[in-house]
Each structure stands twice: as structure tokens, then as C-alpha cells.
Amino acid sequence: MKPMTKENAVEIENKINASNGTTSQGVNSVELSPEDVKISARDVRVKYGQKEALFGINLDMPKGKVTSFIGPSGCGKSTFLRCLNRMNDTIDTCSVTGEIMVDDMNILSNQVDTVLLRAKIGMVFQKPNPFPKSIYDNVAYGPRLHGIGSSKEEMDEIVETSLEKVGLLKEVKDRLLEPGTGLSGGQQQRLCIARAIAVDPEILLMDEPCSALDPIATARIEELIDELRGSYTIVIVTHSMQQAARVSQHTAFFHLGNLVEYGETEQIFTSPIDERTKGYITGRFG
Ligand SMILES: Nc1ncnc2c1ncn2[C@@H]1O[C@H](COP(=O)(O)OP(=O)(O)OP(=O)(O)O)[C@@H](O)[C@H]1O
């Protein structure tokens, strides 16, 4: 077998793009019944200025499960993740086409209110980014913005429940009025997850949520992801194949702006079909 190198992976990719009109169909081994699909992307294409970053992504992600996106740096994982709650709208040069259905709504439609959308589809970033406010106000921020929890009692309840769900309540209940930025990195990341959860989202998007954390804090976030699935549909971008294997039920492998292969996580890591997936997971390129 010809060894997989970055160069011949690019060569294969170019041939595929030339032969199919640059539609990124990929190998799909996941069969979902329509009622299990939460997010359905069709022919999603993204450009930054004239530069194409995604070549027509088609992907159905299941409800109440964790889907991870893996692939070498620059392959478009974060770009695609940001499509899922319209975060690319904040980048002037970025244009997105195609269709992304979340339940019955095409979230790429002009009619969509992106503030409401981002409450329904929360996001957690690479670096924990608590607001320069108290722990309490960090969690209460979203509910206040959306008019949820009008009385003090209701808001206290939302804050406590959200902190409890991320396993932070015990650790911070005596210092709710202290700054969120005073917590450890791992606690800050859990605070950010509590902040996203406080507005009762259906989907949580996580862009390398552990990359700034130590192994213990990472393990805590991974446990939390496992606890939260079921209640939320979770999509995570990760550079760590071990992490994808530990936390996700389905994995999508991206390469050079194409979705190369999508399957059950175990299948992707034990018996990938596409040569490029094999090459990546065995460390032959990336
Ligand atoms: N704001 C931007 N402006 C211009 N080009 C961008 C921007 N963000 C991403 N790109 C380009 O789009 C392509 C995909 O980038 P993206 O960050 O989505 O990849 P990635 O797989 O998430 O990479 P990484 O793992 O390094 O974070 C890359 O070529 C990148 O340079």
C-alpha cells in the first residue's frame, strides 16, 4: 500500500474535488432515522473572501449524543462548527451557503434571529472566557438577556441548578459574588458551560474546550460532557483523537475543507474506510 503522506492526501483530495464538482460527500456509515436527527447540514459551503474553506458539507448529527469533529489543522472543523450557530456571521469576509436544518428550521435563513438562535445553540470556546463579573452574574447574564427568571428566587434557582449541573455548585456556593475570573481554568470552563446551560439550550457546541486545561481538569470536563449528553445534543471539535474516542458516539473526519468520513466513533478508530482517515488516525499525516 502506498504510504499516506500529506502530499498524496492532497493529491487524492484534488482528484475527488475535480471528479465530483467539489461536493464533499465523503464516506457515511451512520444511518439515523429522521426522528433521531437534530442537526442536518446540506451542501454547506464557506468562503473567507475568495478563499474556499468548506466544499459542500453534508452531515446529519443525532439528538442527545456527542458528535466529534477531527482532522488536521486548517481542515475546517471550527469553521463548520461556527456555521451551526451562525458565529461566522461575526466575521465580515465570511460567506456561508447551503442549508442547516435544526429540527424544522433552516438556521441559515435570513429570517432567523441570531440572538435567540445562540441561546438555543450555546457555544463553549477553546479558552475559558468568563465575563469580568461575579460567578452569579456570569450564569444569570443569559437568562436576564432573554427575560427568563423574573424574580430573585427564580434567578437564584436557575443559577444554582446550572452550577449544580456542571458540578460546580459545591465548589463555589460560598463565593457566588466573587469574580468568575478568580476560578481555576477548569472551573472557569465549567462556569462557561453553566452560563450556556442557564438559557436552556438544546445544543451545545464546544470548540476544543479542553485545550487550555491540565489533564485533571480535562478529565472533569470529559465526564461532564458524558453526563450532559442525553439532555443536550453536543458537537465537539477536538485535536485529541483519544478525547474523541472517549467522549463521542459519532466522529466526522475533515480534511482540506471536505468531510472525508463519518461513522460511529469506534468504527472510525478501529476500521476506517477512507485511506485518508486511516492515514490520519495512524499518525501518518496531520
Ligand atoms: N477568520 C478567518 N479569515 C480567513 N480565513 C480563515 C478564518 N478562519 C479560518 N480561516 C481559514 O479557513 C480554513 C479552515 O480553518 P478552521 O479554523 O476552520 O480549521 P480547523 O480545522 O478548525 O483548524 P485548527 O484545528 O487549527 O483550529 C483555514 O484555511 C483557515 O486559514
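**A mixed sheet, its buried strands and a ligand shell**

Thr67 stands opposite Val235 in strand S9. This pair belongs to a predicted model. Strand S4 covers residues 66-70, and 4 bridges join S4 to S9. The two strands run parallel. Val235 also has Leu205 opposite it.

The wider sheet gives these pairs their setting. It contains 7 strands and is open. The order is S1-S11-S10-S4-S9-S8-S7, and the pairing is mixed. Strand S1 (27-28) and strand S7 (121-124) stand at the edges. Each has a single partner strand, so one side of each is left without a neighbour in the sheet.

From the S7 edge, the pairing can be followed inwards. S7 and S8 run parallel and are joined by 4 bridges. Here Ile121 has Ile203 in S8 as its bridge partner. Strand S8 (residues 203-207) is in turn joined to strand S9 (residues 233-237) by 5 bridges. This pair of strands is also parallel. Leu204 has Ile234 in S9 as its bridge partner. Met206 stands opposite Ile236 in S9.

How are the two faces of S8 covered? On one side lie Ile203, Leu205 and Asp207, and on the other lie Leu204 and Met206. All of these residues are buried. In a regular strand, side chains alternate between the two faces of the sheet. With 5 of its 5 residues buried, S8 is largely enclosed by the rest of the structure.

S9 is mostly covered too, with 5 of its 5 residues buried. Thr233, Val235 and Val237 point one way from the strand. Ile234 and Ile236 point the other way. Both sets are buried.

Helices pack around this part of the model. Helix H7 (residues 185-197) lies across S7 and S8. Its direction is at about 170° to S7. H7 also takes part in the packing of helix H4. H4 spans residues 135-145, and its buried residues are Ile135, Asn138, Val139, Ala140, Gly142 and Pro143. Which helices do the buried residues of H4 pack against? They pack against helix H3 (114-120), helix H5 (152-165), helix H6 (169-172) and H7. Just after H4, Gly147 takes a positive phi of about 65°.

The model also holds a ligand. The residues around the ligand include Tyr48, Ala53 and Gly71. The run Ser73, Gly74, Cys75, Gly76, Lys77, Ser78 and Thr79 is also part of the shell. Ile91 and Thr93 complete the list. Which helix gives the largest share of this shell? Helix H2 (residues 77-83) does, with 3 residues. By class, the shell has 4 nonpolar, 7 polar and 1 charged residues.

An annotation places these features in context. In an unreviewed entry, UniProt lists residues 39-281 as "domain: ABC transporter". In the model, this span is 37% helix and 27% strand. The C-alpha atoms at its ends lie 26 Å apart.

Key:
Residues numbered from 1 in each chain as written. Predicted model: local features only at pLDDT ≥ 70, side-chain atom pairs only at ≥ 80, totals over all residues. UniProt positions renumbered as here; feature names shortened; annotations may be inferred. Near = placed C-beta within 6 Å. Nonpolar A, V, L, I, M, F, W, Y, C, P; charged D, E, K, R; others polar. Pairing = 2+ DSSP bridges. Contact = placed C-beta atoms within 7 Å. Axes fitted to C-alpha atoms, helices over the stretch in contact; angles between N-to-C directions. Buried ≥ 20, exposed ≤ 12 C-beta atoms within 10 Å, placed from the backbone.
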